[in-house]
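Please open the model in your viewer and keep the selection panel at hand. The tour below moves from one selection to the next and says what is to be found at each stop.

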Amino acid sequence: MKVACVGGGPASLYFSILMKRVDPSHDITVYERNPAGWTYGWGVTYVDELLNNLHNADPESARAINENSFRWDSWVVHVHDRMTVTEEHGDEGFGIGRRQLLGILAERADSLGVRIEFEREIADEDELADADLVVAGDGVNSVLRERHADHFGTEVMVGRNTYIWLGTTKVFDAFTFAFVETPHGWIWCYGYGFSKEHSTCVIECSPETWRGLGFHQANEADSLALLEKLFADMLDGHPLIGRAQADGRAHWLNFRTLTNRTWYRDNLVLLGDAAHTTHYSIGAGTDLALGDAAFLASALHEDTHLQPALARYERERKSSIVATQRAARYSAQWYENLPRYISLPPAQMFTLLGRRHSPLLPHIPPRLYYRIGQVAGRLESLRSRLGSKAARHTHGGAHG
């Protein structure tokens with residue numbers, strides 16, 4: 001099969017790797033409009049479940065990703081001068097620099113015979129008329145998808161809050177949240193390490209707070225200076241690092257949740273953010289992009305006829321991500337309604353932060369939801385202890 005992947009992000013690169021592993025005779029080219037080594041953003045996150053899946057799919061790239069990842073197994077929450085630290089919570093979290101991740105995947109793809117053409121922009125699939133399959137992995141602003149937006153049924157929901165994605169030289173050894181009250185409302189940040197030298201900081205606030213603090217008219221230098229002052233306790237004197245826009249303003253955004261009614265058209269198929277996006281607050285973007293790649297490669301391997309394979313990919317992958325998409329919507333809503341939770345005692349507020357994916361939480365008074373959760377937890381603990389006691393009794397009776 002002759003395959004053209006448009007966009008050199010994680011989804012396209014990993015898809016090309018998996019396809020080459022299944023059948024080295026596939027002729028695969030990845031087209032990336034930017035120069036080699038250029039990327040936006042700082043670090044991305046994932047959990048150990050993804051790492052296990054990567055090891056099963058391609059051990060070599062998984063080892064490289066693992067060796068270059070930064071780990072944490074606890075959360076820290078700052079609210080004013082109060083701090084709550086979780087116990088270790090079982091699953092490890094990982095951060096890796098986006099540039100580092102892309103470099104690992106590009107090197108692995110190249111070693112398998114994938115051609116990667118940097119600084120090559122594809123604006124129309126007609127430029128790839130000789131390809132059996134065209135993969136649109138060119139992100140949320142996919143040019144190939146937009147040419148057929150009516151067919152794909154593209155819908156975009158713009159989030160209410162404003163956010164900015166920054167870096168810092170402060171290395172967080174735990175996933176760290178900080179909530180700061182200002183005269184214009186709350187502003188908050190979460191930070192996580194992705195290397196031995198840098199962390200990511202995502203800062204978010206309501207539009208009223210954003211305008212009240214003057215960010216709508218401040219340049220990047222002034223914006224970063226104010227943010228460093230607001231989050232001084234969290235940053236311990238370390239600077240924030242931004243990415244200014246062409247006019248010198250800070251790169252503030254409103255998150256866009258994108259969905260598509262269908263994910264393919266003839267031999268053109270959507271992958272990663274071109275197909276769907278999920279709110280950054282659940283940290284699932286990289287996981288979903290690599291998962292898309294695995295599902296598409298599997299579908300093409302299982303069915304040699306292209307249209308049934310693409311239909312299977314769309315059907316099975318759409319079904320598998322429904323729960324994650326729902327969790328992302330509720331997580332975004334939790335932050336958009338932060339005043340509902342922020343005045344709770346630290347332990348309660350932190351617990352509900354961890355339960356922000358719940359569909360029930362928006363409809364139950366927060367304190368009541370917390371109490372119900374505590375009672376349910378004690379009942380489950382009691383049930384487990386009684387079950388263990390009964391098992392020991394049965395075991396002893398069988399051998400008495």
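The stops that follow take in a sheet, a helix that lies across part of it, aromatic pairs and a further helix, all in a predicted model.

**The open sheet**

Begin by colouring the 7 strands that form an open sheet in the order 6-5-12-13-14-11-15, in which the pairing is mixed. At the edges you will find strand 6 (82–85) and strand 15, each of which pairs on one side only. Now select strand 11 (residues 162–168) together with strand 15, which pair in the antiparallel sense over 2 bridges. Which residue of strand 15 is the bridge partner of T168? That partner is L240.

**A helix across the strands**

Next, add helix 13 (residues 346–354), which lies across strand 5 (75–79), strand 6 and strand 12 (175–182), and view it along with strand 5, to which helix 13 runs at about 125°.

**Aromatic rings**

Turn then to the side chains of Phe, Tyr and Trp, for which a search of the whole structure finds 21 aromatic pairs. Select W72 and Y192, whose rings form a tilted pair, 6.0 Å centre to centre and with 40° between the planes. Because W72 belongs to strand 4 (residues 70–72) and Y192 to strand 13 (residues 185–193), this pair ties together parts that are 120 residues apart in sequence. W72 is buried, with a relative accessible area of 6%, and Y192 is also buried, at 5%.

A second pair to display is F255 and Y280, whose ring centres are 5.7 Å apart and whose planes stand at 75°, so that the pair is edge-to-face. F255 sits in the loop between strand 15 (240–241) and strand 16 (256–259), while Y280 sits in the loop between strand 18 (268–270) and helix 10, and the pair therefore ties together parts that are 25 residues apart in sequence. Are these two residues buried or exposed? Both F255 and Y280 are buried.

To return to W72 and Y192, widen the selection to the aromatic cluster that holds them, whose members also include W75, F175, W188, W334 and F350.

**Helix 10**

Finish at helix 10 (residues 285–302), whose 18 residues reach 26 Å from the first C-alpha to the last, close to the 26 Å expected at 1.5 Å a residue. Show its side chains and look for the buried residues, among them T286, L290, D292, A293, L296, A297 and L300. When judging which side chains share a face, recall that an α-helix has 3.6 residues a turn, so residues three or four places apart point the same way.

Terms used:
Residues are numbered from 1 along each chain as its sequence is written. This is a predicted model: local features need pLDDT of at least 70, side-chain atom pairs count only at pLDDT 80 or more; totals for chains, interfaces and linings use all residues. Side-chain values use heavy atoms; hydrogens and water are left out. Helices (H or I, at least four residues) and strands (E, at least two) are DSSP runs, numbered from the N terminus. The expected span of a helix is 1.5 Å times one less than its number of residues. Buried means under 20% relative accessible area, exposed over 50%, partly exposed in between (1.4 Å probe, protein chains only). Rings of Phe, Tyr and Trp (its six-membered ring) pair if their centres lie within 6.5 Å; planes under 30 degrees apart count as stacked, over 60 as edge-to-face and the rest as tilted. Two strands pair if DSSP finds at least two bridges between them. Contact means heavy atoms within 4.5 Å. Axes are lines fitted to C-alpha atoms, for helices over the stretch in contact, and angles run from 0 to 180 degrees between N-to-C directions.
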